[in-house]
Amino acid sequence: MTDPIPTLLIHTRAELAAAVAAATDEVAVVMTMGALHDGHRALIRAARERSTFVLVTIFVNPLQFGPNEDFDKYPRTLEADLEACRAEGVSVVFAPGRDEMYPGGAPSITMNAGPLGEILEGASRPGHFSGMLTVVEKLLLLTRADVAFFGEKDFQQLALIRRMAHDLELGVEIVAVPTVREPDGLAMSSRNRYLSADERASALALSRALREGATHTDPDAVLAAATKILDGEPGIRVDYLALTAPDLGPAPPEGPARLLVAARVGSTRLIDNVPLQLKGH
């Protein structure tokens, strides 16, 4: 059985401009760094529900990797990624090289993520969000996106992209898609493949801690319940556990909130988060 719409693979800005100009529906964009998994496929399916023209970008962005991070070993699986995109009915895959995205070399002017980019992930990974926002803005402009889909798993990234689109009046709708999990509860991530069997077992403490925390409605009880589980797993080194408002501001005494965690399991850094409702005392 052949795809009703063959997926077009392109690599250059000129090809991208031509493909977008020929679109007969909203331009729905899913930005990735490749190594696609079911979390990415959920983003693509959400985009397909919105538009008949879905454009997936695949680019491992060097600007968002720190000096001691895994840019060189980050998985590059273009053929498998293309198969996944074809199976999901993607219209166009834009897979530029570094010179195509940054033709003058590393940009001298980049996005400033502001105060929101300096907490949580930003405190642990200086410069990460500046590099991420820079490439996202470039891709939003190059693809002329009407709507773009991002996963809630990278919740701080989602919050920053929403803020950038609003503050800079980019004219693009940002749609959030819930986190997709493995059957055992581990949030899907391209980095999960780095985990050994023992490390993966330890990593399950992250989602278990979040689930337990979310069963409580008092802020102190939420953090205490999650901390107890994390402290009981010697195989992980917690970077942060934070309870915040949905916009990552201070947690309210009651109402919607977000519980976020980051930890190292072996040499692999993992993040996860869940929504919850607080009721206070």
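**Close-up 1. Strand E9 gives the largest cavity the biggest share of its lining, three residues.** This is a predicted model, so keep that in mind for every view here. If you search the whole structure for cavities of 30 Å³ or more, you come up with one. The largest cavity holds about 70 Å³ of space. Its lining is made of Lys153, Leu186, Ala187, Met188, Ser189, Asn192, Leu206, Ser207, Leu270, Ile271 and Asp272. Two elements, helix H8 (197–213) and strand E9 (268–278), put in two or more residues each. Sorted by class, the residues around this cavity are six nonpolar, three polar and two charged.

**Close-up 2. The second largest pocket has about 240 Å³ of space.** Sixteen residues would be a lot to label, so here are the ones to look for: of the 16 in the lining, Ile58, Phe59, Val60, Arg76 and Pro96 are the closest to the pocket's centre. Taken by class, the lining comes out as ten nonpolar, three polar and three charged residues.

**Close-up 3. Helices H8 and H9 pack with their axes 8 Å apart.** H9 covers residues 219–231, and the angle between H8 and H9 is about 155°. Because of that angle, H8 counts as roughly antiparallel to H9. The two helices make a right-handed crossing. On the H8 side, the contact uses Ala205, Leu206, Arg208, Ala209, Glu212 and Gly213, and H9 answers with Val222, Ala225, Ala226, Ile229 and Leu230. By class, that contact has eight nonpolar residues, one polar and two charged. Leu206 may look familiar from the first view: besides touching H9 as part of this contact, Leu206 is among the residues lining the largest cavity.

**Close-up 4. Helices H6 and H7 cross at roughly 55°.** Here H6 is residues 128–143 and H7 is residues 155–167, and their axes come within 11 Å. The two helices are therefore oblique to each other. As for handedness, the crossing of H6 and H7 is right-handed. Zoom in and you'll find H6 making the contact through Phe129, Met132, Leu133, Val136, Glu137 and Leu140. From H7, the partners are Gln156, Gln157, Leu160, Ile161 and Met164. Eight of the residues in this contact are nonpolar, two are polar and one is charged.

**Close-up 5. Helix H1 packs on H6 with the axes 9 Å apart.** H1 takes in residues 13–21, and the angle between H1 and H6 is about 55°. That angle makes H1 oblique to H6. Arg13, Leu16 and Val20 are the H1 residues in the contact, and they meet Lys138, Leu142 and Thr143 of H6. Split by class, this contact has three nonpolar residues, one polar and two charged. So which residues does H6 use for H1, and which for H7? For H1, H6 uses Lys138, Leu142 and Thr143, while for H7 it's Phe129, Met132, Leu133, Val136, Glu137 and Leu140.

Technical notes:
Residues are numbered from 1 along each chain as its sequence is written. This is a predicted model: local features need pLDDT of at least 70, side-chain atom pairs count only at pLDDT 80 or more; totals for chains, interfaces and linings use all residues. Side-chain values use heavy atoms; hydrogens and water are left out. On a 1 Å grid over the protein atoms alone, a cavity is a set of points where a 1.4 Å probe fits but cannot get out, and a pocket is an open set with protein on both sides within 12 Å along at least five of seven lines; lining residues have an atom within 4 Å of a point. Grid points are joined across faces, edges and corners, and a volume is the space filled by probe spheres set on the points. Helices (H or I, at least four residues) and strands (E, at least two) are DSSP runs, numbered from the N terminus. Ala, Val, Leu, Ile, Met, Phe, Trp, Tyr, Cys and Pro count as nonpolar, Asp, Glu, Lys and Arg as charged, and the others, Gly among them, as polar. Axes are lines fitted to C-alpha atoms, for helices over the stretch in contact, and angles run from 0 to 180 degrees between N-to-C directions. Angles under 35 degrees count as roughly parallel, over 145 as roughly antiparallel, 65 to 115 as roughly perpendicular and the rest as oblique. A crossing is left-handed if the near helix is turned anticlockwise from the far one by less than a right angle, and right-handed if clockwise. Contact means heavy atoms within 4.5 Å.
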